[in-house]
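Today I am opening my notebook on a new model and looking up how its parts fit together. Here is what I went to find, entry by entry.

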Amino acid sequence: MKTYKIAVIAGDGTGPEVVAEGVKVLKAAASTFKFGLDFTYFDYGGDRYLKTGKIISDEEVQELKNFDAIYLGAIGHPDVKPGILETGLLLKIRFDLDQYINLRPVKLYPGVDCPLKDKKPEDIDFVVIRENTGGIYTGHGGVTRKGTPDEIATQVMVYDRRTVDRCLKFAFELKKRRNEERETSRPKPLHLVHKRNVLMNCGDLWFRAFEEMGVKEYPDISREYMHVDATTMWFVKNPEWFDVVVTENLFGDIITDLGAMIQGGMGIAAGGNINPQGVSMFEPIGGSAPKYTGKKMINPLAAIEAGRMMIDFLGEHKAASAIEQAVAQACTKLKSLSAGKMGYNTEEVGDMVASAV
Ligand code: IPM
Ligand code: MN
């Protein structure tokens with residue numbers, strides 16, 4: 001029997017509550033589908049930082065390389081200044097472990113309330129690939145004359161060809177697999193999203209790399225370029241146009257929050273920070289929702305979905321699709337996906353999914 005070593009960082013606020021339900025469901029899947037899961041818990045997050053002044057050290061991040069995957073709850077503490085935990089913990093892990101893909105599925109399950117009029121599950125089923133190590137997130141830039149009327153601040157969008165190419169490669173490969181799986185005569189294009197009408201350096205780098213890789217290596221995959229502002233329009237107006245979308249880091253951050261809303265909100269949206277050659281980390285994309293901490297009101301489906309993505313990525317495809325079916329079934333039973341309005345508490349939703357698995 002194969003056993004996977006999972007590092008769990010439950011994190012702050014409601015993170016531990018939703019992670020507990022995710023672990024419950026993963027254990028059910030492991031026993032049904034005959035594989036092992038060995039969970040090791042780490043207390044990184046706001047509470048530890050407030051107590052010890054430590055976030056996560058270089059050595060502690062390196063230690064995470066001994067695991068098959070990382071399962072993350074949520075990062076963000078009301079008593080910690082914004083930015084400290086985000087950059088010191090979440091982004092540090094993403095960067096240090098070179099998790100260069102942020103994979104965010106946008107899928108509307110039947111029975112889920114969609115804020116878009118007349119859109120059905122068959123209209124909303126795509127994946128956003130957000131580049132996860134470069135761009136404005138690298139922290140290039142600085143401040144001078146701080147606190148004076150002449151203060152200057154810069155944050156630079158940084159990309160090199162290698163970083164762009166490896167992300168595009170992942171996107172083309174995923175698109176190829178999805179085209180093969182679906183076997184439609186007219187597959188949807190692979191979309192590249194940027195802002196090349198204004199960001200003429202980085203936008204042009206992405207666009208040329210996209211065109212070159214498409215022409216040379218994937219001539220059968222149709223390509224379409226879209227500006228990021230227009231993309232937000234089309235996600236709302238015509239989500240059925242999209243199948244795989246690839247974009248740079250900040251644009252991906254923004255459009256995936258929109259994506260989360262059209263699939264039913266933060267109660268269901270999950271993502272994976274992936275290093276195809278290394279250790280990947282899976283997380284619900286909503287925050288730590290501190291006001292709900294301990295109230296059992298928060299929806300664990302997003303964390304459960306993150307767990308599903310994790311075992312799918314580890315190769316347990318049957319178990320992953322059983323979880324997906326169980327989540328889809330739960331979606332038809334919950335009154336709403338929003339915290340406090342589900343008609344069930346956090347644990348009951350976890351039990352429902354676990355027993356279906
Ligand atoms: C996300 C979050 C993070 C990001 C923050 C918390 C640093 O918004 O995962 O989308 O910007 O990537
Ligand atoms: Mn975000």
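**Entry 1, a strand pair.** I started with Leu190 and looked for its bridge partner in β9, which turns out to be Arg223. Leu190 belongs to strand β8, residues 190-194, and 5 bridges join β8 to β9. The two strands run parallel. A reminder to myself before going on: this is a predicted model.

**Entry 2, the whole sheet.** Next I traced the sheet around that pair. I found an open sheet of 10 strands with mixed pairing. Its order reads β2-β1-β3-β12-β11-β4-β5-β10-β8-β9. The edges are β2 (36-42) and β9 (223-227), each of which pairs on one side only. I also looked up the twist: ignoring direction, neighbouring strands are turned by 25° against each other on average.

**Entry 3, helices on the sheet.** Which strands does helix α4 lie across? I noted β1 (3-11), β3 (69-74), β4 (101-107), β5 (125-131), β11 (270-274) and β12 (280-284) for this helix, residues 84-96. Against β12, α4 runs at about 145°. Helix α5, residues 161-182, packs on the sheet too. I see α5 touching β4, β5, β8, β9, β10 (244-247) and β11, and its direction makes about 165° with that of β5.

**Entry 4, domains.** I then checked how the chain is divided. Domain 1 takes 1-112 + 278-357, and domain 2 takes 115-262. Taken over C-alpha atoms, the centres of the two domains are separated by 24 Å. At the contact between them I have 17 residues of domain 1 and 24 residues of domain 2.

**Entry 5, α1 with α10.** On to helix pairs. Helix α1 (residues 15-33) packs with helix α10 (residues 317-333) at an angle of about 130°, and their axes are 10 Å apart. The pair is therefore oblique, and the crossing is right-handed. From α1 I listed Val25, Leu26, Ala29 and Phe33, which meet Lys318, Ala319, Ala322 and Ile323 of α10. By class, I get 7 nonpolar, no polar and 1 charged residues in this contact.

**Entry 6, α9 with α10.** How do the axes of α9 and α10 cross? For helix α9, residues 301-314, the angle with α10 is roughly 160°, and the axes come within 8 Å. These two helices are therefore roughly antiparallel, as the angle is over 145 degrees. Their crossing is left-handed. On the α9 side I wrote down Leu301, Ile304, Glu305, Arg308, Ile311 and Asp312. On the α10 side the contact includes His317, Ala319, Ala320, Ile323 and Glu324, with Val327, Ala330 and Cys331 also taking part. The residues of this contact divide into 9 nonpolar, 1 polar and 4 charged.

I noticed two names that come back: Ala319 and Ile323 of α10 meet α1 and are also part of the contact with α9.

**Entry 7, α1 with α11.** Last, I followed α1 to helix α11, residues 346-356. Their axes come within 9 Å and cross at roughly 15°, which makes α1 roughly parallel to α11. The crossing here is right-handed. In α1 I find Glu17, Glu21, Lys24, Val25 and Ala28, meeting Thr346, Glu347, Gly350, Asp351, Val353 and Ala354 in α11. I sorted this contact into 4 nonpolar, 2 polar and 5 charged residues. Val25 of α1 meets α11, and I had already listed Val25 in the contact with α10.

Conventions
Residues numbered from 1 in each chain as written. Chains lettered and ligands numbered in written order. Predicted model: local features only at pLDDT ≥ 70, side-chain atom pairs only at ≥ 80, totals over all residues. Heavy atoms only, no water. Axes fitted to C-alpha atoms, helices over the stretch in contact; angles between N-to-C directions. Helix = DSSP H or I, 4+ residues; strand = E, 2+ residues; numbered from the N terminus. Parallel < 35°, antiparallel > 145°, perpendicular 65-115°, else oblique. Left-handed = near helix turned anticlockwise from the far one by under 90°. Contact = heavy atoms within 4.5 Å. Nonpolar A, V, L, I, M, F, W, Y, C, P; charged D, E, K, R; others polar. Pairing = 2+ DSSP bridges. Domains from an automatic or database assignment.
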